[in-house]
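Trainee: Could you take me through one part of this model in detail? I would like to look at where the two domains meet, and then at what lies around it.

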Amino acid sequence: MLVLPVLRVGSSSRYVSLLQINMNGLALNYNGFPISGYFDERTSDAVKNFQDRFQLNRDGIVGPLTWKVLIDNVMAVQKLLNTRGYSVGAVDGWFGPATTSAVQRFQRDHGLYPSGIIEPRTRRRLFDPNARDNYETLMSSSTISSLHPRVEAQARRFLELTRAAGMDVRIYAAFRSWDEQDRLFAQGRWAPGQIVTNARGGDSYHNWGFAFDAAPFENDEMSTDTQQFIRMGRLGQQAGLEWGGTFISLVDYPHFQNTFGLNTWDLLNGVRPPA
Ligand SMILES: [Zn+2]
């Protein structure tokens, strides 16, 4: 295999264009970097997001390992498209015009918008065509019974711990519908408002019942005291949950999750936590 150059902010070459078409094709261009052959800050942020997904060192630099994981992901898509009769030609790891056109044909045949990129719903149709769950059409819910059974048990334990600590903690969001997630993703992009998320429908742990949001209340009002959120966060960690207050990329105090070591592409591809 050819040796690919290490790319970072400031790099400028046809390899940067190849990086950008691959990331764009895999629906990683949530912040709208131009496919310009110039490695800008937005490209770097999108690389970090990708590195987070695959537990790679999130330095925003595209070295041999990041290249490999990226190209492997494109090849997995190309192989499946070929298998399903949507020919991309050679499985070469580059998300070029033939791959884009095959994705569009696949999307049209499956009632999806023909964007030519592997958005979450497209990924699921392609990788997990016989999915028998109904996550994609479930309604949003703030009740903990809408969570995955193991996360639900942890949420109950967490609430017990907060009560024992004399706190009034309430869960205000649990399962989030994929449509609602898509509306949130549109906000600040092609809909009015501020950007609130980088996740499309299917790309948030809330869309799988693996995450919930909670807040401490005082006198029936949501607390504005960061210390109370930190206290709450520690109790969630005691219950075995990951707490958004420890996130590096986007600190999220009300957020708790259990990922079972899976990223959202694993889930879209049909991988589930062991029973
Ligand atoms: Zn959340």
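Mentor: What follows starts at the domain interface and then moves to other side-chain pairs. Keep in mind that this is a predicted model. The protein splits into domain 1, residues 14-118, and domain 2, residues 136-268. Their C-alpha centres are 28 Å apart. Domain 1 puts 11 residues into the contact, and domain 2 puts in 10.

Now the area. About 890 Å² is buried between domain 1 and domain 2. Carbon and sulfur atoms supply 51% of that area. On the domain 1 side, the residues that lose the most area to domain 2 are Tyr30, Arg53 and Arg58. Together these three account for 62% of what that side buries.

Next, the polar links. How many salt bridges cross the interface of domain 1 and domain 2? The rule finds one. Look at Arg53 again: its side chain meets that of Asp203 in a salt bridge, at 2.8 Å from N to O. Arg53 is thus named twice, once for the area it loses to domain 2 and once for its salt bridge with Asp203. The rule also finds five residue pairs in polar contact across the interface of domain 1 and domain 2. Which helix gives the most to the domain 1 side of this interface? Helix α2, residues 41-53, does, with three residues. By class, the residues on that side divide into seven nonpolar, one polar and three charged.

Step back to the whole structure. The salt-bridge count comes to 17. One of them joins the side chains of Arg124 and Glu136, at 2.9 Å from N to O. Arg124 sits in helix α5 (residues 120-127) and Glu136 in the loop between α5 and α6 (149-164), so this pair ties together parts that are 12 residues apart in sequence.

Tyr135 also lies in the loop between α5 and α6. What does Tyr135 touch, leaving aside neighbours within four places in sequence? Its contacts are Arg124, Phe175, Trp178, Asn207, Trp208 and Arg272. Arg124 therefore appears in two settings: it pairs with Glu136 in a salt bridge, and it is in contact with Tyr135. Phe95 gives a reference point: Tyr135 and Phe95 are 40 residues apart in sequence and 29 Å apart in space, C-alpha to C-alpha.

Last, the rings. The structure holds 15 aromatic pairs. Take Tyr86 and Phe106. Their ring centres are 5.4 Å apart and their planes stand at 85 degrees, so the pair counts as edge-to-face. Tyr86 lies in the loop between α3 (64-83) and α4 (97-109), while Phe106 lies in helix α4, so the pair ties together parts 20 residues apart in sequence.

Note on methods
Residues numbered from 1 in each chain as written. Predicted model: local features only at pLDDT ≥ 70, side-chain atom pairs only at ≥ 80, totals over all residues. Heavy atoms only, no water. Domains from an automatic or database assignment. Contact = heavy atoms within 4.5 Å. Buried area = accessible area lost by both parts, 1.4 Å probe. Salt bridge = Lys/Arg side-chain N within 4 Å of Asp/Glu carboxyl O. Polar contact = N/O pair within 3.5 Å; in protein donor to acceptor, adjacent residues only side chain to side chain. Helix = DSSP H or I, 4+ residues; strand = E, 2+ residues; numbered from the N terminus. Nonpolar A, V, L, I, M, F, W, Y, C, P; charged D, E, K, R; others polar. Phe/Tyr/Trp six-rings, centres within 6.5 Å; stacked < 30°, edge-to-face > 60°.
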